[in-house]
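Dear colleague,

Please find below the structure that I am handing over to you. My notes on what was found in it follow directly after.

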Amino acid sequence: MLLTTTLWMTLLLIGCKDHTDRDQGVRSISPVATPIPSINFTVIKTIPHDTSLFTEGFLVHDGRIFESTGSPDEYPDARSLVGIIDPATGKMDKKIELDKDEYFGEGIAFIKNRLYQLTYYNQKGFIYDATTFKKTGEFTYSSREGWGMTTDSAHLIMDDSSDVLIFLDPSTCKPVKTLKVTLCGAPRDSLNELEYIKGYIYANVWLTDYILKIDTATGKVVGRLDLASIVADARNKNPNADALNGIAYDAITDKIYITGKRWSNIYQLSFPH
């Protein structure tokens with residue numbers, strides 16, 4: 001069936017509109033003439049994921065899936081952990097645990113034989129030996145909160161719920177530059193778990209069903225993965241599944257994984273990247 005001119009233009013404009021039913025009050029974006037390209041994906045397979053894990057950080061290091069979790073009060077079984085996920089069972093081989101009465105674990109990143117971990121509201125991060133997982137140091141940051149973290153191999157890159165990505169020197173953990181993220185010319189805040197893939201940063205957006213592709217040279221959003229179908233599947237399998245939050249890239253095998261808080265599966269995806 002042919003689309004009318006009005007309907008066709010409406011579909012073009014949707015790319016630069018935030019879906020208010022998904023954003024739940026997050027800043028709206030005014031329509032403009034250029035849509036954000038949708039990134040088509042295929043689900044390759046699923047692997048198990050422990051439904052007690054409240055995902056805050058998610059990555060692949062040395063061929064193994066690592067996860068960092070938080071411990072919200074509404075889930076008494078949740079703990080702030082860092083560990084390795086067994087792809088056969090979904091269970092975590094715990095390497096680090098924070099005192100949940102004091103800290104809420106957030107994003108993680110490996111760089112230069114170290115593992116870095118953010119905390120939610122303490123303005124403090126921890127540094128561990130990447131092999132033994134023994135704590136070797138701490139660092140502080142001025143952001144009110146710590147959310148997601150990734151690395152471009154030269155910097156640690158963190159976010160704090162705003163529209164700004166902060167690049168840290170891994171030797172000092174001090175900011176060296178910032179990058180404002182925009183969607184169709186407007187600030188795009190609520191950036192959450194992050195992954196650096198071939199020159200772009202992919203960011204979960206809190207309380208939405210999508211992941212944004214961000215140009216690290218300009219901060220502009222240049223693509224979007226709409227994962228509503230996967231979120232629906234996750235909630236069908238586990239009614240207690242929480243938000244989408246987790247994207248991990250294995251640079252050796254070129255595989256990409258996504259998951260969410262208290263999901264029963266990790267999904268391996270294939271998409272142009």
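Which element gives the largest share of the lining of the largest pocket? In this predicted model, that element is strand E16, with five residues. The pocket holds about 500 Å³ of space. Its lining comprises 26 residues, and those closest to the centre are Val60, Phe110, Thr151, Tyr249 and Ala251. Two or more lining residues come from each of the strands E2 (55-61), E6 (105-111), E10 (149-151), E16 (191-197) and E20 (244-250). By class, the lining divides into 14 nonpolar, five polar and seven charged residues.

The second largest pocket encloses about 310 Å³. Of the 14 residues that line it, Phe54, Glu56, Tyr120, Trp206 and Lys261 are the closest to its centre. Eight residues of this lining are nonpolar, one is polar and five are charged.

Two of those central residues also pair with each other. Lys261 forms a salt bridge with Glu56, with 2.8 Å between the closest N and O atoms. Lys261 belongs to the loop between E21 and E22 and Glu56 to strand E2, so the pair ties together parts that are 205 residues apart in sequence. Lys261 counts as buried because its relative accessibility is 4%, and Glu56 is likewise buried, with a relative accessible area of 4%.

The neighbouring residue in sequence, Arg262, lies in the loop between strand E21 (255-260) and strand E22 (265-270). A salt bridge joins Arg262 to Asp77, the closest N and O atoms being 3.2 Å apart. This pair links distant parts of the chain, 185 residues apart, with Asp77 in the loop between strand E3 (64-69) and strand E4 (81-85). Arg262 counts as buried at 10% relative accessibility, whereas Asp77 is partly exposed at 41%. Beyond its neighbours within four places in sequence, Arg262 is in contact with residues including Thr51, Phe54, Tyr75, Asn238 and Asp242.

The whole structure contains 12 salt bridges. Another of these joins the side chains of Arg188 and Asp189, at 3.2 Å from N to O. Arg188 counts as buried at 0% relative accessibility, and Asp189 is buried at 14%. Arg79, Lys94 and Glu97 are joined into one network by salt bridges that share partners.

Finally, a note on one hairpin. Strand E8 (residues 124-129) and strand E9 (residues 135-140) run antiparallel and are joined by five bridges. Tyr128 has Lys135 of E9 as its bridge partner. Five residues lie between the two strands, and Phe133 takes a positive phi near 65° in this hairpin.

With kind regards

Key
Residues numbered from 1 in each chain as written. Predicted model: local features only at pLDDT ≥ 70, side-chain atom pairs only at ≥ 80, totals over all residues. Heavy atoms only, no water. Pairing = 2+ DSSP bridges. Helix = DSSP H or I, 4+ residues; strand = E, 2+ residues; numbered from the N terminus. 1 Å grid on protein atoms, 1.4 Å probe; cavity = no way out; pocket = protein on both sides within 12 Å on 5 of 7 lines; lining within 4 Å. Points joined across faces, edges and corners; volume = space filled by probe spheres on them. Nonpolar A, V, L, I, M, F, W, Y, C, P; charged D, E, K, R; others polar. Buried < 20%, exposed > 50% of the residue type's maximum accessible area, 1.4 Å probe, protein only. Contact = heavy atoms within 4.5 Å. Salt bridge = Lys/Arg side-chain N within 4 Å of Asp/Glu carboxyl O.
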